[in-house]
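Me: I would like a close look at one part of this protein chain, followed by an account of how other parts of the chain are arranged. Please take your time and keep the reasoning explicit.

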Amino acid sequence: MADNKCVQMIQTNFSLHGLVLPRELRVSLAKRLLKIQEEERESWLNRIIELVLAQNLNNPHVTAEHIKSAIEECLEPNKLKNTETVFNVIDGYNIPKITYDICKKKYIIDSNKIYPEVQCKSLIFKHRFEMVWYKTLRHKQFLSSKFERQPADMINLIPIEYLLSELKTGNDAFIMEGCMVIANGMYKDDILHVENISFPPIESWESFRSDFGDANTFGGPHSTSLKMSEKLQVFEKNNEDGIIVFIAELWLDFPNVLQKFRMILEGYMDYPPIAFVLCGHFLSFPTNMTSIQALITGFRDLVKIIVQYTNVKETSKFVFVPGPHDLGSPKILPKPPLPKCIIDEVTKSISNAIFTTNPCRIQYCTKEIVVLREDMLTKMCRNALRFPKEEDFFKHFARAIISQSHLIPVPLEVVPVYWKYDHALQIFPTPDLIVVADNFETYTASYSDCYVINPGMFSKNNYSFQTYVPAASQIQDCQLPNDTDVD
């Protein structure tokens with residue numbers, strides 16, 4: 001029988017932390033502690049209690065599963081938990097919806113999924129505005145206090161219901177129709193005389209986390225945020241050479257393109273990447289009656305190449321993101337994965353193949369990545385009210401989407417969005433990496449500790465692609481020798 005003194009110590013320590021442990025569990029835990037030297041028992045017990053508390057209990061009653069998980073953590077502190085997965089792909093239909101709760105005065109995860117379809121359309125821009133409005137109000141530059149003297153640079157925000165003004169721009173920015181902006185000026189004679197226009201500020205990750213604690217706001221199978229996992233941080237750093245390869249416009253109906261992709265696999269044969277993220281379009285021509293067979297044949301040829309590199313096939317993930325004109329659905333975002341009839345052969349032959357939506361999210365250890373395949377830069381340029389200076393062009397683009405907390409800050413007629421899933425295009429909080437696979441030249445920009453990149457069109461842009469090194473937070477531009485032209 002377990003030592004009564006040890007059992008009493010367990011009960012006392014758990015009670016001090018507001019936890020209720022059944023007697024049978026106290027006895028079972030005492031038997032384990034008695035195998036440890038007496039002077040170390042209390043420190044072991046305190047560590048177990050810490051690990052139990054870290055499991056975010058719904059109530060004070062501790063179960064055998066909670067104790068088992070805590071003991072395993074003590075015995076193997078470097079082993080990843082079941083809730084700490086290294087690699088996850090989150091499709092656009094399973095992304096948490098973040099909204100601002102006026103009563104609680106903080107952001108929350110909105111679990112209400114019963115909005116009528118018509119109401120969803122009317123709420124799209126209301127939610128987009130509220131996201132930016134309350135994020136701005138929380139920023140220190142605009143946060144006022146009734147009890148403290150206001151700094152000289154404090155700015156008061158006044159909401160208005162209409163804007164009839166003469167546009168004067170003092171700050172250079174990439175402003176499109178549909179954007180939320182802060183206009184600074186004088187309201188006189190029923191006219192707002194604007195002196196300058198700027199984008200809303202960016203909320204820091206730390207400020208955002210004050211609302212959510214360790215709750216998972218990025219998406220994925222786990223309830224807690226993996227960005228704060230110390231074990232995943234260690235795992236990430238230990239894999240210092242690990243890379244994620246991004247390739248867009250991989251035409252499967254062009255033998256030359258497939259041979260170029262073979263060269264990439266050949267180059268990474270001894271050091272397989274963490275993942276290959278392959279974006280459409282997967283055919284060189286618009287969708288027609290021959291597209292289904294062309295895709296089936298193209299993917300069959302791709303599989304034949306991948307299976308020749310066993311180490312890569314078994315180690316790397318292959319993530320397929322459809323392009324706007326790829327087969328399967330209208331040109332509306334989020335776009336579902338390619339049809340099952342086309343991808344069956346791939347998933348049977350390559351267990352690590354993942355066909356997902358456009359856009360999608362990828363979590364690797366503590367890094368959060370958003371992937372979009374859309375010609376956004378071109379469309380934003382066409383709908384720009386204010387065009388930035390060319391030398392800062394790509395950084396202005398990055399700033400535009402990050403400050404708007406949305407991948408597509410343009411009207412619905414420019415890029416149609418499913419009303420119910422507009423939140424799948426939110427980028428709040430700001431991720432570590434945003435990949436906008438665009439029909440444009442390769443570029444890398446950064447803003448607010450976030451990279452915004454375009455790997456370029458592989459089949460049309462001299463076989464260019466990009467890699468991301470999560471451990472070092474680095475982007476690498478890559479290109480294959482152009483010894484064969486693609487017509």
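How many bridges join strand β17 to strand β18, and do the two strands run parallel or antiparallel?

Reply: In this predicted model, strand β17, which covers residues 464-469, and strand β18, which covers residues 474-479, run antiparallel and are joined by six bridges. Within this pairing, F465 stands opposite C478 of β18. The two strands form a hairpin in which four residues lie between β17 and β18, and S473, which belongs to the turn, has a positive phi of about 50°.

To place this hairpin in the chain, one can turn to the domain division, which gives domain 1 as residues 1-75 and domain 2 as residues 222-479. The C-alpha centres of domain 1 and domain 2 are 46 Å apart. For residues 10-74, an unreviewed UniProt entry lists "domain: DNA polymerase epsilon subunit B N-terminal". In the model, residues 10-74 are 69% helix and 0% strand, with 16 Å between the end C-alpha atoms.

Two further residues are worth describing, beginning with Y107, which lies in strand β3, residues 106-109. Y107 has a relative accessible area of 0% and is therefore buried, the cut-off being under 20%. Setting aside neighbours within four places in sequence, the contacts of Y107 include I98, T99, Y100, E130, Y134, R138, D211, F212 and F428, together with M131 and K135. With M131 and K135 there is also polar detail: a polar atom of the Y107 side chain lies 2.8 Å from the backbone oxygen of M131, and the side chain of Y107 reaches the backbone nitrogen of K135 at 2.8 Å. As for F397, its C-alpha atom is separated by 26 Å from that of Y107, the two residues being 290 apart along the chain.

The other residue is S403, which is part of helix α13, residues 393-404. Its relative accessible area is 1%, so S403 is buried by the cut-off of under 20%. The side chain of S403 reaches the backbone oxygen of A400 at 3.2 Å. Not counting residues up to four places away in sequence, S403 touches V132, K135, F199, P200 and I202. K135 thus appears both among the residues touched by S403 and among the contacts of Y107.

Notes: Residues are numbered from 1 along each chain as its sequence is written. This is a predicted model: local features need pLDDT of at least 70, side-chain atom pairs count only at pLDDT 80 or more; totals for chains, interfaces and linings use all residues. Side-chain values use heavy atoms; hydrogens and water are left out. UniProt positions are given in the numbering used here, feature names are shortened, and annotations may be inferred rather than shown by experiment. Buried means under 20% relative accessible area, exposed over 50%, partly exposed in between (1.4 Å probe, protein chains only). A polar contact is a pair of N or O atoms within 3.5 Å; within protein, one must be able to donate a hydrogen and the other to accept it, and residues adjacent in sequence count only if both atoms are side-chain atoms. Contact means heavy atoms within 4.5 Å. Two strands pair if DSSP finds at least two bridges between them. Domain bounds come from an automatic or database domain assignment.
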